[in-house]
Amino acid sequence: IQVVEGENPEVLSGSIYKVGVGAFDVGSRRVNNVIDALSKVYRWSFTPGKVPTFSTKFLKTSIYNRSVSLGELVPHRVVGDILPPITSLEKLRMALWDPSRDNNNITPWKIKGRDRITVCGGIPLVFGFKMV
């Protein structure tokens, strides 16, 4: 991040995390709204006397991992639509055998007694950063 004017206040120290939209498509398939999009964790960090930093990382849900592995957005339950539409066979498979029904349970948690943040997605993930 480029500081355009002035300096960071000395009291501005630490990181802020935001979970938001990361991608609408993988391969030729896509979702048509932000609720169903694959998620990313966004981080802005501030250290007194240093240039602020910004970074992002996809939430590695099971749907994200399988989609990236296959090179195509895998069929899963969505609020809107997946385009091109899911076939009847894919709907059947999803209903009977697919345990990955949730794409973005995207709540960051600070767990008591831990100095890390857990971001709950398809499987809880622990990122190695400390709360400031």
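User: Let's start at the end of helix α1: which residue follows α1, and is its phi positive or negative?

Analyst: This is a predicted model, so please read every value here as computed from it. The residue after α1 is Gly71, and its phi is positive, near 75°.

User: Happy to stay with that helix. Which residues of α1 are buried?

Analyst: Start with the general idea: an α-helix has 3.6 residues a turn, so residues three or four places apart point the same way. Now the case in this structure. Helix α1 covers residues 62-70, and its buried residues are Ser62, Ile63, Tyr64 and Ser67. For Tyr64 the relative accessibility is 13%, which is under the 20% cut-off and therefore counts as buried.

User: And what do the buried residues of α1 pack against?

Analyst: They pack against three strands: β2 (25-26), β4 and β5.

User: Let me step back to the whole fold. How many helices and strands does the protein chain have, and in what order do they run?

Analyst: The protein chain has two helices and nine strands. Read from the N terminus, the order is β-β-β-β-β-α-β-α-β-β-β.

User: How much of the chain is buried, and what does its surface consist of?

Analyst: The chain has 132 residues, and 32% of them count as buried. Its accessible surface is about 8600 Å², with 58% belonging to carbon and sulfur atoms. You can also ask how far along the sequence the contacts reach. Among contacts with a separation of 6 or more, 53% are between residues 24 or more positions apart.

User: Now the rings. How many aromatic pairs are there, and how do I tell whether a pair is stacked?

Analyst: The structure holds four aromatic pairs. The general idea is to look at the angle between the ring planes, with under 30 degrees counting as stacked. Take Tyr42 and Phe54: their ring centres are 6.2 Å apart and their planes meet at 25°, so this pair is stacked. Tyr42 belongs to strand β4 (residues 38-46) and Phe54 to strand β5 (residues 53-58), so the pair ties together parts that are twelve residues apart in sequence. Phe54 itself is partly exposed, at a relative accessible area of 41%. Another stacked pair is Phe58 with Tyr64, where the centres are 5.1 Å apart and the planes again at 25°.

User: Which residues do ring pairs link into a cluster?

Analyst: The cluster consists of Tyr42, Trp44 and Phe54.

User: On to charges. How many salt bridges are there, and which residues form them?

Analyst: In general, side chains of opposite charge can pair when their charged atoms come close. This structure holds one salt bridge. Glu90 pairs with Arg29, and their closest N and O atoms are 2.8 Å apart. The bridge links distant parts of the chain, as Glu90 sits in helix α2 (residues 88-97) and Arg29 in strand β3, 61 residues apart.

User: Are the two partners buried or exposed?

Analyst: They fall into separate classes. Arg29 counts as buried at 7% relative accessibility, whereas Glu90 is partly exposed, with a relative accessible area of 23%. Beyond its neighbours within four places in sequence, Arg29 is in contact with a list of residues that includes Phe24, Leu73, Ile82, Leu83 and Ile86 as well as Glu90.

User: Which residues form a nonpolar patch on the surface?

Analyst: That patch is made by Val21, Phe24, Val34, Ile35 and Val79, which together have about 450 Å² of accessible area. As one example, Val34 lies in the loop between β3 (29-31) and β4. Its relative accessibility is 53%, so Val34 counts as exposed.

User: Last stop, the segment before β1. What do Asn8 and Glu10 touch?

Analyst: Both Asn8 and Glu10 lie in that segment, and strand β1 covers 14-23. Not counting neighbours within four places in sequence, Asn8 is in contact with Lys50 and Pro52. The C-alpha atoms of Asn8 and Pro48 are separated by 6.7 Å, with their positions 40 residues apart along the chain. Glu10, with residues up to four places away left out, touches Pro48 and Gly49. Glu10 is exposed, at a relative accessible area of 58%.

Key. Residues are numbered from 1 along each chain as its sequence is written. This is a predicted model: local features need pLDDT of at least 70, side-chain atom pairs count only at pLDDT 80 or more; totals for chains, interfaces and linings use all residues. Side-chain values use heavy atoms; hydrogens and water are left out. Rings of Phe, Tyr and Trp (its six-membered ring) pair if their centres lie within 6.5 Å; planes under 30 degrees apart count as stacked, over 60 as edge-to-face and the rest as tilted. Helices (H or I, at least four residues) and strands (E, at least two) are DSSP runs, numbered from the N terminus. Buried means under 20% relative accessible area, exposed over 50%, partly exposed in between (1.4 Å probe, protein chains only). Contact means heavy atoms within 4.5 Å. Accessible areas come from the Shrake-Rupley method with a 1.4 Å probe; for residues, only the protein chains shown count as cover. Patches are made of residues with over 30% relative accessible area and no salt bridge: like charges are joined within 9 Å, nonpolar side chains (Val, Leu, Ile, Met, Phe, Trp, Tyr) within 5 Å. A salt bridge is a side-chain nitrogen of Lys or Arg within 4 Å of a carboxyl oxygen of Asp or Glu.
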